[in-house]
Amino acid sequence: MSKRSVLAILVLGCLIGGALTGLLFYHLGGPETPPAPGPDQPPRLAQATAAAPPTPDEATGIRIYEQLSPSVVNITTIEVSYDFFFEPYRESGTGSGSILDTDGHILTNHHVIEKADQILVSLTDKLKYPAEVVGFDEIDDLAVIRIKAPASQLKPLPMGTSADLKVGQHVFAIGNPFGLTRTMSHGIISSLGRSIKSRAGYIIDNVIQTDAAINPGNSGGPLIDAAGRLIGVNTSIFTTSGGSIGIGFAVPADTVRRVVADLIQYGKVRRPWVGVYGQDIDPQLAGYLKLPEENGVLVAYVEPGSSASQAGIRGGTQRVRLGFSRLIIGGDFIVAVDERAVTGQADFTSYLLNKNLGETVTVTLYRDGRKIRLPVKLIGKERSYQM
């Protein structure tokens, strides 16, 4: 056999041996290069790995939700309305609330339940309990309702204070936005000491501003701090779209505590009877009437026996015509209360309505061109919410 033939046989043997070795290695599970997935073949996924442990902030959020979401309820309201042909139809709405105690008292917003003919409350047991109104406060947009449910299903939400809050604190909102039950959002306190106008037209002072997402259905639900305490009741948002844009407002816990105590005990809030009626003064009116400041309240009438009357505040003495309007002039011109500038009747009234009976405030006013300060002791009467 020639050398060329022997060489050819050796090469062929090597090729055959290599092929057989590769085939055997493949069947024994050796490494391979996976084929590219075809058009009908799904890609291979990476093997799942264990989740990383939660960060401290995540752990706080998890704890808040697990401990406190059972204390937040879903409120459904039903209102009976009539169409053009006087045929009745039902309209429903949703809101949120916080359980106050094992007696079934629940805190929410007044505007959530104000037009309701029927109120239903859902707890974690998924049952719907009919609720009755215990009392409401349209000035601060708060209400207390009550249900009859097993005490084991009623987990009260701890009440905190709003006096020591700081801008930048982490907060959590739990509620039922758009009917999605027990949804939690997270943010910070964006500002403190805000003043907003309630739906009833009153000024609510010391409101908490937050960027935690608040949407329709969150109204009446709690704003909670990282310690797991209720520090506010979510009441409204500023929006250009109907949804959250990161500017929400909550009635502070210190206001809530004072209002709730009266609502449960009396069914209403006992407030001072100030007894002042007047005209809002703007820069144009101030110039026309030659008043010493551009904003305030020109007192037209003082109710006999009221706080203002007992303090010596005086009403007007003369009627004048201004365009198509009539004004009563000659009375005191109120410009501040407790060194806080007064911009109008609503501002003045709302500030005093949030004071306690028996407190004394200082009212700054002008009388006959002289600036004087009068102490006003706040008294009440049976229907103390009337001014």
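This is a short talk on one protein structure, given at a group meeting.

Hi everyone, and thanks for coming. One thing to keep in mind from the start: what you see above is a predicted model. Let's begin with the whole protein and then visit a few places in it.

The protein has seven helices and 20 strands. It has 387 residues, and 43% of them count as buried. What about contacts along the chain? If you take the contacts with a separation of 6 or more, 60% of them are between residues 24 or more positions apart.

Now let's look at the barrel. Which strands close into it, and in what order? There are six, and the order is β7-β8-β9-β12-β11-β10. Their pairing is antiparallel. On average, neighbouring strands of this sheet are turned by 50 degrees against each other, ignoring direction. If you are new to sheets, here is some background: strands of a sheet pair through backbone hydrogen bonds, and the pairing can be parallel or antiparallel.

Let's stay with one strand of that barrel, β12. How much of β12 is buried? Five of its five residues are, so we can call this strand mostly covered. On one side, β12, which spans residues 248-252, pairs with β11, residues 230-237, over five antiparallel bridges. If you want to find that pairing on the screen, look for Ile237, whose bridge partner in β12 is Gly248. Next, look for Ser236, which has Phe249 as its bridge partner. β12 also pairs with β9, again antiparallel, through three bridges. Here Phe249 turns up once more, standing opposite Gln209.

What lies across β11 and β12? That is helix α4, residues 253-266, and it runs at about 50 degrees to β12. Helix α4 has 14 residues and reaches 20 Å from its first C-alpha to its last, close to the 20 Å expected at 1.5 Å a residue. Its buried residues are Ala253, Thr255, Val256, Val259, Val260, Asp262 and Leu263. They pack against β3, β5, β6, β11 and β12. Just after the helix comes Gly267, with a positive phi of about 80 degrees.

Let's compare that with another helix, α2, which covers residues 56-68. It has 13 residues and spans 18 Å from first C-alpha to last, close to the 18 Å expected. Which residues of α2 are buried? They are Thr60, Gly61, Ile64 and Leu68. These residues cover an arc of only 95 degrees around the axis, so they sit on the same side of α2. There is a general reason to expect patterns like this: an α-helix has 3.6 residues a turn, so residues three or four places apart point the same way. And what covers that side? The cover includes β1, β7, β8 and β10, and β7, β8 and β10 are among the barrel strands we met earlier.

Now for two loop residues. Asn218 is in the loop between β9 and β10. Is Asn218 buried or exposed? Its relative accessible area is 2%, so it counts as buried. Leaving out residues up to four places away in sequence, Asn218 touches Ser96, Ile174, Gly175, Asn176, Pro177, Ala213 and Asn234.

The second one, Ala149, is in the loop between β6 and β7. Its relative accessibility is 17%, and the cut-off for buried is under 20%, so Ala149 counts as buried. Setting aside neighbours within four places in sequence, Ala149 is in contact with Leu123, Tyr129 and Leu154. Ala149 and Leu123 are 26 residues apart in sequence, and their C-alpha atoms are 9.2 Å apart in space.

One last stop: aromatic rings. How many aromatic pairs does a search of the whole structure find? It finds two. One of them is Tyr277 with Tyr301, a tilted pair with 6.1 Å between the centres and 35 degrees between the planes. Tyr277 is in strand β13 and Tyr301 is in strand β14, so this pair ties together parts that are 24 residues apart in sequence. Tyr277 counts as partly exposed, at 36% relative accessibility. Tyr301 is partly exposed too, at 43%.

To recap, we saw a barrel of six strands, and helix α4 lying across β11 and β12. We also saw helix α2 with its buried residues on the same side. Thanks for listening!

How values were computed: Residues numbered from 1 in each chain as written. Predicted model: local features only at pLDDT ≥ 70, side-chain atom pairs only at ≥ 80, totals over all residues. Heavy atoms only, no water. Pairing = 2+ DSSP bridges. Helix = DSSP H or I, 4+ residues; strand = E, 2+ residues; numbered from the N terminus. Axes fitted to C-alpha atoms, helices over the stretch in contact; angles between N-to-C directions. Contact = heavy atoms within 4.5 Å. Expected span 1.5 Å × (residues − 1). Buried < 20%, exposed > 50% of the residue type's maximum accessible area, 1.4 Å probe, protein only. Arc of directions from axis to C-beta. Phe/Tyr/Trp six-rings, centres within 6.5 Å; stacked < 30°, edge-to-face > 60°.
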